[in-house]
Amino acid sequence: MSNKYQKFSSVFLVFALLTSVLPSQFYAQRRVNKTSITNEMKLDLLIKGGTVIDGSGSAPVKTDIGIRGDRIVFVGKSARLKIDAARTFDAAGMIVAPGFVDPHTHTLEDLSNPKSSGNEDYLMQGVTTVITGNDGDGPFRIAETLEKWRRQGIGTNAALLVGQGNVRGEVLGAGDVQPTIEQLTRMKNLIAQAMDEGAFGMSTGLYYAPGSFAKTEEVIELAKAAAEKGGVYDTHMRDEGSYSIGLLGSIRETIRIGREAKIPVHISHIKALGKDVWGQSRQAVRLIKQARAAGIKITANQYPYTASGTNITAALVPRWAEAGGRTELLKRIRDPQIRPRLVLEMEANLKRRNGAEAILITRSRNQELIGKTLGAIAQGRKKSPVETALEIVEDGGASIASFNMSESDIDYFMKQSFVMTGSDGSSGHPRKYGTFPRKLREYVFGKKLITLPFAIRTSSALTAETFRIPERGLLKAGYFADVIVFDPQTIADRATYEQPETLAVGMKYVVVNGQIAVNEGKYTGILAGRPLRKTLRQIK
Ligand SMILES: [Zn+2]
């Protein structure tokens, strides 16, 4: 008797566990199928008469979208159906698309601060999901960050990458040192733990200290830990120009990491940095295509600007001078034995970035520097550009816009089907407020380099697929209702290098998880985003 009872109760327990563990979307999917065959439908929101571009890359269709709760329940003509919608958007003359997904942002602080957690700068671009923790700089305490966001609320969905730079810093410090087997294991464990806590993958910033001190073999070992948990590898490569192993050498390194760690690899903000490598977009794409043909999963993202955004130290100071951290750097700058070599190498680096006139200060403690080029500041101080740069570094550094890309390389990368839109938004650079609408305004409607369905796909579904974010990025029944409605006549970026914090225009409605975040072109103030936690179920 007790045996039978035990049997029954354990079966019941398994059932109860299953139903509580299975994601709610599992049920939503079934509900959808049921409702789509009846003629009466209760909706929370009907988006009517728009030109729907669903994110798959297929041609635009004039049709309607029905939303209930946090889900899209149908995509199709609503005229035949009896619909009772709590709210209707008239989308005539508008484009209806999936909310954009940004694979590379620096929104960690914005999202964590209640004053900026709405992510309005992204919502106004139509971005409904951001990934952050890129450049090796992501936190490794993933659960803690996700929980904080859940508690405080966030305006867009957000996913995290664990940062190799931070993990290395935690275990090895800021020095130019190599790990012991034991230290390597500790780093791998931190990555594995971060993945268990919900990270979507691992990011590296092999250009930056201390990530740069890691050899390829070390990165491969860490990437394996992420790969085992279904993670993706995202990288700011070791060199995008002619600093060390070169742009092409860096692409080869990324491909090797993908092959040996058996992990999908993603090149962030792909570019040919500096005149030395202008034109190499062709060879770069050829290498990537060869790797893809050989079965390596490799993709990239890009922002549509000729200037990158970084800080003056990362741009000009060689990494050996940064080893050990800022105090060590300052000592080396002031050491008469070391300084001449430092100056010499910085002169070469400045040349790699197209000279002092191509470096614009966008943020600095010294307000007078903002909006001026390094060349102009040097002239004012009657000093060489590198001596001036060293003064600025000693003074606490500065954010810069570094004009180092050619339009021709930008165009060539953008046309590739594996290159998606990514803002790399950082303060002081207009890309944080303008990337997505700018791609539409300049490259789709302006010079017609790419089509609108292609631009939408590379701004939504492709990114969700690449980073294995389930049920987002497409307008499809059963998917989360992240939907944007914009005016193709007016959609545009407004942010400039002079006024980088200017919101984009033309986004009429932005719906995040079924809730209206932008209404008639204005942010409603709602925090409808969700912290996204990777679960093993999501592994394909
Ligand atoms: Zn970066």
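**Strand pairing in a predicted model**

Strand 2 (residues 45-52) pairs with strand 3 (residues 61-68) in the antiparallel sense, over six bridges. The model is predicted. The points below cover the partners of strand 2, and then an open sheet of three strands in the order 16-18-17. As background, strands of a sheet pair through backbone hydrogen bonds, in either a parallel or an antiparallel manner.

**Strand 2 and its partners**

- In the antiparallel pairing with strand 3, I47 stands opposite I65.
- Strand 6 (residues 88-90) pairs with strand 2 in the parallel sense, and three bridges join them.
- Within strand 6, D90 is the residue that stands opposite K48.
- Strand 7 (residues 95-98) also pairs with strand 2 in the parallel sense, over two bridges.
- I95 in strand 7 stands opposite T51.

**The open sheet of strands 16, 18 and 17**

- Three strands make up this open sheet in the order 16-18-17, with antiparallel pairing.
- Strand 16 (307-311) and strand 17 (359-364) each have a single partner strand and stand at the edges, so each has one side without a neighbour in the sheet.
- From one strand to the next, the twist averages 25°.
- Strand 17 and strand 18 (residues 398-403) are paired in the antiparallel sense over five bridges.
- L360 stands opposite A401 in strand 18.

**A general point on side chains**

- In a regular strand, side chains alternate between the two faces of the sheet.

Key
Residues numbered from 1 in each chain as written. Predicted model: local features only at pLDDT ≥ 70, side-chain atom pairs only at ≥ 80, totals over all residues. Heavy atoms only, no water. Pairing = 2+ DSSP bridges. Helix = DSSP H or I, 4+ residues; strand = E, 2+ residues; numbered from the N terminus. Axes fitted to C-alpha atoms, helices over the stretch in contact; angles between N-to-C directions.
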